Amino acid sequence: EIPLGLASNVVAEWSISGTPQAGEVINFSSTRGTLSASSATTNGAGAATVSISSTNAGTAVISATNDL
């Protein structure tokens with residue numbers, strides 16, 4: 001649940017066979033709200049972070065994909 005009008009972080013973590021994948025571009029999309037960026041690069045822990053906020057209440061589906 002995300003409070004209206006406040007930004008909240010969304011983190012996607014990517015690993016292969018338990019090994020974090022650094023330097024990979026993750027593409028984000030959402031059916032509601034505004035993302036801070038449409039993509040982010042994974043860090044050394046395999047995590048890519050963007051933030052999302054919305055002024056409208058309701059359910060959102062947030063997707064994180066890689067073009068690999």
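1. Let me start with confidence: the protein chain has an average pLDDT of 94, and 100% of its residues score at least 70. Please keep in mind that this is a predicted model. Going by element, the mean is lowest in S2, at 94, and highest in S6, at 98.

2. Next, the core. The largest nonpolar core is made of 10 residues: Val10, Ala12, Trp14, Ile26, Phe28, Leu35, Ala40, Ala48, Val50 and Ile52. Strand S1 (8–13), strand S4 (25–30) and S7 are the elements that each supply two or more of them. S7 gives the largest share, with three residues. As background, nonpolar side chains tend to be buried together in soluble globular proteins.

3. Ala48 is a good place to look at this core in detail. Beyond the residues up to four places away in sequence, Ala48 touches Val10, Val11, Ala12, Ile26, Phe28, Ala40, Thr41 and Thr42. Among these partners, Val10, Ala12, Ile26, Phe28 and Ala40 also belong to the core.

4. Ile52, another core member, is found in strand S7. Is Ile52 buried or exposed? Its relative accessibility is 3%, under the 20% limit, so Ile52 counts as buried. With neighbours within four places in sequence left aside, Ile52 is in contact with Ile2, Leu6, Ala7, Ser8, Val10, Ser30, Arg32, Thr34, Leu35 and Ile62. For a sense of distance, Ile52 and Gly23 are 29 residues apart in sequence, and their C-alpha atoms are 22 Å apart in space.

5. Now follow S7 (47–53) into the loop that leads to strand S8 (62–65), where Ser54 is found. Ser54 has a relative accessible area of 16%; this is below the 20% cut-off, so the residue is classed as buried. What does the side chain of Ser54 have beside one of its polar atoms? The backbone oxygen of Asn56 lies 3.0 Å from that atom. Not counting residues up to four places away in sequence, Ser54 touches Leu4, Gly5, Arg32 and Gly33. Arg32 is also on the contact list of Ile52.

6. The sheet deserves a look too. Three strands form an open sheet in the order S6-S4-S8, and their pairing is antiparallel. Strand S6 (39–41) and S8 are the edge strands; each has a single partner strand, so one side of each has no neighbour in the sheet. On average, neighbouring strands here are turned by 25° against each other, direction ignored.

7. Within that sheet, S4 and S6 are joined in the antiparallel sense over three bridges. Val25 has Thr41 as its bridge partner in S6. Thr41 is, in addition, one of the residues that Ala48 touches.

8. Two loop residues make a nice pair to compare. Thr42 lies in the loop between S6 and S7, and with a relative accessible area of 5% it is buried. Apart from neighbours within four places in sequence, Thr42 is in contact with Gln21, Ala22, Gly23, Glu24, Ile26, Ala47 and Ala48. Ser17, in the loop between strand S2 (15–16) and strand S3 (19–20), has a relative accessibility of 78%; that is over 50%, so Ser17 counts as exposed. Do check the backbone of Ser17 as well: its phi is near 50°, a positive value in a residue other than glycine.

Key:
Residues numbered from 1 in each chain as written. Predicted model: local features only at pLDDT ≥ 70, side-chain atom pairs only at ≥ 80, totals over all residues. Heavy atoms only, no water. Helix = DSSP H or I, 4+ residues; strand = E, 2+ residues; numbered from the N terminus. Buried < 20%, exposed > 50% of the residue type's maximum accessible area, 1.4 Å probe, protein only. Polar contact = N/O pair within 3.5 Å; in protein donor to acceptor, adjacent residues only side chain to side chain. Contact = heavy atoms within 4.5 Å. Core = buried A, V, L, I, M, F, W, Y, C linked by side-chain atoms within 4.5 Å. Pairing = 2+ DSSP bridges. Axes fitted to C-alpha atoms, helices over the stretch in contact; angles between N-to-C directions. pLDDT = per-residue confidence, 0-100.
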